[in-house]
Amino acid sequence: MTRKEKYQFVINYFEKHAPDAETELLYDNPFQLLVAVILSAQCTDKRVNLTTPVLFAHYPTPYAMANATFDELFPFIRSISYPNNKTKHLIGMANMLIHDFKGEVPMTVDELVKLPGVGRKTANVITSVIDAQPNMAVDTHVFRVSHRLGLTTTTATTPLAVEKQLIKNFPTELIHKAHHWLILHGRYICLARNPKCPQCGLTEICNYYRKVIKK
DNA sequence: ATCCCGAGGG
DNA sequence: CCCTCTGGAT
């Protein structure tokens, strides 16, 4: 099967069996999504959603958050992974929004990654979700699933390399969908440990299944 | 024990 | 390239 046929197989499968998200990050505006995605690193969405409503009630705008002290904000995200780093990131990020971006969340990847706590993955999520840009955020799920299915070459050892190959091979108009498919498939079926291959309709094209599970 | 929609610094 | 941060769920 050619690479193109493989991608088409994956597209056909997910168009028929689109995975449903059990939880989505809660947000009402770009600023809130930015905060939620920063908090979501190494943490479940459910846990993030437990903290953000209270956080947003106290810090509804970049201005409010920029003026918070470390000790004021820290307790609100205490139960999130890396609360020390993320407290600094949120306050620094809010300050940069005000000073460099007129209090608005910028909508290009290059601008977003300048913000403290915002890397390429987060920038791709923001521009994709808020502005419908055909960007592919490669997180741990997308990275793992892409490699197992063989959507990417074994030489793609970095998230950026995976991102470029996925962007190149998925039709532009499907990038946004594909991002969601791969993440949810990774979250619910193609688990890092003990993947639920019996529930997966992609085993016939899956390198991981062929090499690790079947034998 | 191992993983969760990573980022920053050395 | 490596390491560190670092709480909660399973």
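Let me start with the surface near DNA strand B, which by class is made up of nine nonpolar, nine polar and eight charged residues. Please keep in mind throughout that this is a predicted model.

In total, 26 residues surround DNA strand B, and the closest of them are G117, T122, H141, R187 and R193. If we ask which helices supply this surface, α8 (120-131), α9 (140-149) and α11 (175-188) each bring at least two residues to it, and α8 gives the most, with four residues.

What part of the strand does the protein meet? Of the atoms of DNA strand B within 4 Å of the protein, 69% belong to sugar or phosphate, while the rest belong to bases. Some individual polar contacts can be named here. A polar backbone atom of G119 is 3.0 Å from a phosphate oxygen of DNA strand B, and an N or O atom in the side chain of H141 is 2.9 Å from a phosphate oxygen of that strand. For R193, a polar side-chain atom lies 2.9 Å from an oxygen of DNA strand B that is classed as a sugar or linking oxygen.

Turning to DNA strand C, the residues around it are Q42, C43, R47, R78, S79, I80, S81, Y82, P83, N84 and N85. By class, this surface has four nonpolar, five polar and two charged residues, and helix α6 (residues 83-101) gives the most to it, with three residues.

Of the atoms of DNA strand C within 4 Å of the protein, 57% belong to sugar or phosphate, and the rest to bases. On the phosphate side, a polar side-chain atom of R47 lies 2.9 Å from a phosphate oxygen of DNA strand C. On the base side, an N or O atom in the side chain of Y82 is 3.4 Å from a base nitrogen of the strand, and an N or O atom in the side chain of N85 is 3.3 Å from a base oxygen.

Finally, I would like to return to α8, the helix that gives the most to the surface near DNA strand B, and ask how it packs against α2. Helix α2 (residues 30-39) and α8 pack at an angle of about 145°, with their axes 10 Å apart, and α2 passes α8 in a right-handed crossing. In this contact, P30, L33, L34, V37 and I38 of α2 meet K121, T122, V125, I126, V129 and I130 of α8. By class, the contact has nine nonpolar, one polar and one charged residues. T122, then, takes part in the contact with α2 and is also listed among the closest residues to DNA strand B.

Definitions and conventions
Residues numbered from 1 in each chain as written. Chains lettered and ligands numbered in written order. Predicted model: local features only at pLDDT ≥ 70, side-chain atom pairs only at ≥ 80, totals over all residues. Heavy atoms only, no water. Near = heavy atom within 4 Å. Polar contact = N/O pair within 3.5 Å; in protein donor to acceptor, adjacent residues only side chain to side chain. Nonpolar A, V, L, I, M, F, W, Y, C, P; charged D, E, K, R; others polar. Axes fitted to C-alpha atoms, helices over the stretch in contact; angles between N-to-C directions. Left-handed = near helix turned anticlockwise from the far one by under 90°. Contact = heavy atoms within 4.5 Å.
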